[in-house]
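This report deals with salt bridges in a protein model. Please look at the charged side chains as you read.

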Amino acid sequence: MRKITNEELHRPSADEFATMGRLPVVVVLDNVRSAQNVGAFFRTSDAFAIERVVLCGITPTPPSRDIHKTALGAELTVEWQHSDSAVEAVEQLKAAGYKALCVEQVEGAVMLDELQIDSNSRYALIFGNEVAGVAQEVVDLCDGAIEIPQVGTKHSLNVSVAGGVVLWPFFAALRGNICAK
């Protein structure tokens, strides 16, 4: 085996990426405290061509040295917006036709490996604060919840790690439906 060079990967330039289609998925970050976690979400969102990231409440926003350190410039290629509250953001997304799913351990949550992803739907995936998770008033607005199956002694994953775990099956299921810009 030989490692493939960056040139051989044939990745688009930032300008080319700006004109490409996007997955019909919006990531909503509900009061995520860490700029490094935000940067990791930008980098993952770039990799999976996520439509946009909505940064809510106290969630740090670009420009930020700490976001950039983890995002490696993806904060410049992924569309983002700030909302004063995740409640407001989720209400707007639902009104626009998105199916809102929080990533949280709640009654009635669907295990990620059992989730049926509808290729005709647009999704808003809500990820919560590193300590408190997704706020209850946001959970109450959601159409459903996703839980990541785990068997270890810890009850949760780092929020940006959870983002990568949850976004991958959406990319795998929906990448044939990437929306034109």
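The text below goes through salt bridges of this predicted model and how exposed their residues are.

**Count and pairs**

Under the rule that a side-chain nitrogen of Lys or Arg must lie within 4 Å of a carboxyl oxygen of Asp or Glu, the model has 6 salt bridges. The table lists three of the pairs, with the distance between the closest N and O atoms for the two glutamate pairs and the N to O distance for the lysine pair.

| Acidic residue | Basic residue | N to O distance |
|---|---|---|
| glutamate 8 | arginine 2 | 2.9 Å |
| glutamate 51 | arginine 52 | 2.6 Å |
| aspartate 143 | lysine 94 | 3.3 Å |

**Surroundings of each pair**

Glutamate 8 has a relative accessible area of 34% and is therefore partly exposed. Its partner, arginine 2, reaches 59% relative accessibility, so arginine 2 counts as exposed.

Is the pair of glutamate 51 and arginine 52 buried or exposed? Both residues are buried.

The third pair joins lysine 94 and aspartate 143 through their side chains. Lysine 94 belongs to helix 4 (residues 86–95), while aspartate 143 sits in the loop between helix 5 (136–139) and strand 7 (144–147), so this salt bridge ties together parts that are 49 residues apart in sequence. Lysine 94 is partly exposed, with a relative accessibility of 33%. Aspartate 143 is also partly exposed, at 43% relative accessibility.

**A network**

Salt bridges can also share residues. In this model, a network of salt bridges links Arg65, Asp66 and Lys69.

Methods:
Residues numbered from 1 in each chain as written. Predicted model: local features only at pLDDT ≥ 70, side-chain atom pairs only at ≥ 80, totals over all residues. Heavy atoms only, no water. Buried < 20%, exposed > 50% of the residue type's maximum accessible area, 1.4 Å probe, protein only. Helix = DSSP H or I, 4+ residues; strand = E, 2+ residues; numbered from the N terminus.
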